[in-house]
Amino acid sequence: MNPSSPLVCVKVLQETVGSAVVVGSTSGGGGQDWQGQGCGFRPNRQDLSHVEWCLRAHYGVRDSRDLGLGPLRTLVGLVQRQRELSLGGGLSHVLYEAALLPRDTSSSSSVGEAQQTVGILGEVSQTQALSCLLSCPLLDELGQWSQWELVFRPRHGPLKDFIDRNAASTDLSALEVSPGVLLRVTTSTGDKLFSQAAMTLDPVGTAGHLVSMVVADGTANAPTALLANHMESSLAAAVAKEDLSRAEEDGSCFSSVALFLLDCLIRIPTRTCRALLQQVFLEPFSRVLGGQAKSKAVLLSTARSNLRHLNCLHQLGIVLGITDWVKDYHTKLSPPQNQDLSQNQAQTPPADQTKPAPVDSVSRSLSQTLSEDEEFPEDYSSDSSHPTQPQHAEGCDEEDDDDELYELTSETLGDTHTERDGDEAWKEGKSLAEPEKADNADSQSESRVDCHKDIIDDIRKSEFGIGVELNEEGQRLMTVHQERLGRSLDRLSTELYSKDTHFVLELIQNADDNSYPTEGGPVPALAFVVEKDCVTVLNNETGFQEKNIRAICDVGRSTKGKHKYGYIGQKGIGFKSVFKVTDCPEIHSNGFHLCFDKTSGPMGYILPHWVDDERPLNTHLANHTHTSWTTKICLPLRSECYQTRNLFHDVHPSLLLFLHRLRSITIYNQAEKRMVTMTRRDLSHSVLEVEHTEGTERWLVVKHTLHPTKIKDEVESTELALAFQLGDDLTGSDIQAPPQKQPVFAFLPLRSFGFRFIIQGDFDIPSSREDVDRDSSWNQWLRSEIPQLFLRAMDVFSDHPEFSGLKGLCHFLQFVPLPDEVLDFFKPVAGQIIQLLKGKAFLPTLNTDGSVVYKLPSQVAVCQDPVIRDVIGAEELNRHLSLSYLHPGLLPVPPLSLLTHLGVRRLRGSDVTTVTTAMAKELLQGDGVNSDSGLRHLARLLVCNFRALEQGYGETDSILTTLRDLPIIPLADGRMVALSGEGVFFPMTETKNHNNTGNMATF
């Protein structure tokens, strides 16, 4: 038996006798007797029997001596000791049920009474006991189901022993999740039984067989991939039976499926659930609903109607770093306002939670999936000295073509006169939403169309042989050429469908690669119009040129040069990635109007077709954005890809922090009639402002370009960035609460790993897009670079002109991660940051002349007691302990847990005694120790030691021993003595007593 701490036993003991039991020394001898104070209770033998009964009932033991603390008399001593140390502290706010029970010592129902041989219901056989256990539902607690302690234990012994003796010939098995808590599992299990239970949405069977298989094979060997497929099939079948007509506006049509999943999660033991949640539950559900963000939002929305479900999601969100669930938990940290605790608070969510979550809300808070993308162009900005120099260099490597999403631009506006064949409307930036100007000459329009159409016809003829009359030899060569090209396209197709790229990220990333007008031009912007059967992409970049059109109609011919930075962790698949969701993408840019038809044959990926009519732009978007779109790409969705629309929920406003050119993203969901806008403004000194539908956020972003060596030969450099969210007022009042935890980004957020700042890097990521590849040497290298960049951020905060005094350092210290906060792959980062900070003199202290001196954490001390700090001044602390107090202007004071990890000294009892002893000795060596001022000084030193004991500074015995040996006790005869040398008494009266003899003295 391993009970709680002795102080808990003492509290149970105190409450049992009315919270007023103390023991004191009698005047007549060394014995002890009970004294009731406060309520006048004086316990007799019967009361002590009740105390014994309460301790047995609370801890489930046969005798209080089984607690390992000795007989009841010893516990009485503990009560006395606690009362001496409590120094008048109030009663505990934690109460114990056993102390509230009626004082009926005649009852024989005490837990563990030795004389009981049968249970409360009388004699029950072994067969009955086994039958009762076998009827227990899977994952129910066997003890509670069977009422084992009341009915079976007196006759058949402990439950665990009974199962070991009698379950061999049955399918009964038990999983002990905590001492004495046994859950029912079965040896008759398998993936087929799991599938059958999941298909009928039976949470008991589904969760039970899942855990039973884990018990049989272990978590590492469980067939999780197979189980995930079964789960996905079951969820898809269940969702297909729902009325999905309102799925876009309201996720309640998925509530029955979400309830099934939540019921499964609350039945599975927490640690097992943590290991299986992502692969067996979340990933299948996200694939059925079409996105991680939507699936997690539906689960959270459904869980709000049941506190057990909600608490389960909060717990899983905290331990696994699921940002939205953690964010929802933070609502519990606000002070309750007129809360009726008699009602189920989960039944009545706040008003803003009772409505379906808008797209912008979901996209801002629930962003979990991510993709790999292509590289950036060679140069970040246009070379102003060469305005006509193309930015898309001709590529000669076949590999580079696969890195191309859609090549929207190649030239700056400076060369539109020579490259765009007189297309004045596009040069002027005419919006695609505007009708053709009536005053445009028909001849000009026809000439312009013919020019661009001729380019398409030439590509079809020269590259694909369409319309060319060939002899036999030429026909043979054409066949060889097409076969060779077909093999390349087969490779492309294989890469396209084997790579779980995030479709929306491909679109955003490549739009960020484009060229935009400079010197006062429009803000680089991207917009998505999401319809039921089509996604339209709009961009105000400089537009397609002939070379871009020819490159996009080829394999292995990229107009991008070698990339030097950007999202280059893995190679993308270029414009061809749009074929994941569409068979016939259309491009309309700079007078080019073409499409590709994948169903037309093996060349469908690259064979262009001229388009005479284009899909009109939604007027609602045109009226609200006031942007002149120069390029439009239409992606008619295949019917099985309609759920792709949900991926736009994953676009987080913070994404704009890490893009190089794009400054505005708009998403208009036509079905929901909702528009999400997010815009970035670059302020001064690394501060960025992101304005979106729900408000405005300010971030301080610190970036560093890294140059990998011998990790990825094809990568010349990559960028690592940290983003720290700032309050609305950088120089205002003291910080009240720590920042919320933020996800790690690989352009789109992965999940939270416990950091309170965003980490953005080109991480290699698995298909789930919820984590990083832990075995990747690339990821391990990127991780190792984070601590140094974090320290660089401290200098940015401290030197920032918008922070006054020590405010910059105060803000920075909020973001320092503690080792216990950071999870999984990134856990070493916290320890490395702490180690770097330990070796840096960055903590401010106050010098005797009032100046600020920065010192190592090991040279700094904190003391939260103003009395001790007043008596032991900075000079005394430095002289006797070579320590300095943390600067009082560093407010709010950093958390004690952080200071402890950094090695900052918290003044202990021994420290206080060391300094006060030295100060007392200095006082005794001087004159005037018996004067009023000298005695007051001694009294202040004693008060310091008293407060060190009172406030739990520890080391009580050593402090008292040191003080007993110190001659600081003034006597009535003028002497100063030590308590260890002679007995000292308080005077019986206020008059001096001159009749002391021997070693007896009085104050």
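Which residues in α10 meet which residues in α12? In this predicted model, Pro203, Val204, Thr206 and Ala207 are the residues on the α10 side, and their partners in α12 are Phe260, Asp263, Cys264 and Arg267. Sorted by class, the residues of this contact comprise 5 nonpolar, 1 polar and 2 charged.

The geometry of this helix pair can be described next. Two packed helices are described by the angle between their axes and the distance between the axes. Helix α10 covers residues 203-217 and helix α12 covers residues 255-267; the angle at which they pack is about 45°, and their axes are 9 Å apart. The two helices are therefore oblique to each other, because an angle of this kind falls outside the ranges that count as roughly parallel, roughly antiparallel or roughly perpendicular. The crossing of α10 and α12 is right-handed.

Before turning to other parts of the chain, it helps to consider confidence. The protein has a mean pLDDT of 76, with 72% of its residues at 70 or more. Residues 16-43 have a pLDDT below 50, and this stretch makes 50 contacts in the model beyond near neighbours in sequence. Residues 730-735 also have a pLDDT below 50, and for this stretch the model has 15 contacts beyond near neighbours in sequence. Where pLDDT is low, the predicted coordinates should not be read in detail.

A second helix pair is formed by α27 (residues 777-799) and α29 (residues 827-838), which pack at an angle of about 45° with their axes 9 Å apart. That angle makes α27 oblique to α29, and the crossing of the two helices is right-handed. On the α27 side, the contact is made by Arg783, Ile786, Pro787, Gln788, Phe790, Leu791 and Met794, while α29 contributes Pro828, Val829, Gln832, Ile833, Leu836 and Leu837. By class, the contact of α27 with α29 has 10 nonpolar, 2 polar and 1 charged residues.

Strands come next, beginning with a hairpin. Strand β3 (residues 172-178) and strand β4 (residues 181-186) run antiparallel and are joined by 6 bridges. Within this pairing, Leu172 of β3 stands opposite Thr186 in β4. The hairpin formed by β3 and β4 has 2 residues between the strands, and Gly180 in the turn has a positive phi of about 85°. A positive phi is also found at His685, where the value is about 55° although this residue is not a glycine. His685 lies in the loop that runs between β12 (674-682) and β13 (687-692).

Further along the chain, an open sheet of 3 strands is arranged in the order β22-β21-β23, and its pairing is parallel. Which strands stand at the edges of this sheet? They are β22 (884-885) and β23 (905-906); each has a single partner strand, so one side of each is left without a neighbour in the sheet. Strand β21, which covers residues 860-862, pairs with β23 in the parallel sense over 2 bridges, and Val862 stands opposite Arg906 in β23.

One peptide bond also deserves a mention. Leu891 and Pro892 are joined by a cis peptide bond, with omega about -5°. Pro892 is found in the loop between β22 and α32 (896-902), and β22 is one of the edge strands of the open sheet described above.

How values were computed:
Residues are numbered from 1 along each chain as its sequence is written. This is a predicted model: local features need pLDDT of at least 70, side-chain atom pairs count only at pLDDT 80 or more; totals for chains, interfaces and linings use all residues. Side-chain values use heavy atoms; hydrogens and water are left out. pLDDT is the predictor's confidence in each residue, from 0 to 100. Contact means heavy atoms within 4.5 Å. Axes are lines fitted to C-alpha atoms, for helices over the stretch in contact, and angles run from 0 to 180 degrees between N-to-C directions. Helices (H or I, at least four residues) and strands (E, at least two) are DSSP runs, numbered from the N terminus. Angles under 35 degrees count as roughly parallel, over 145 as roughly antiparallel, 65 to 115 as roughly perpendicular and the rest as oblique. A crossing is left-handed if the near helix is turned anticlockwise from the far one by less than a right angle, and right-handed if clockwise. Ala, Val, Leu, Ile, Met, Phe, Trp, Tyr, Cys and Pro count as nonpolar, Asp, Glu, Lys and Arg as charged, and the others, Gly among them, as polar. Two strands pair if DSSP finds at least two bridges between them.
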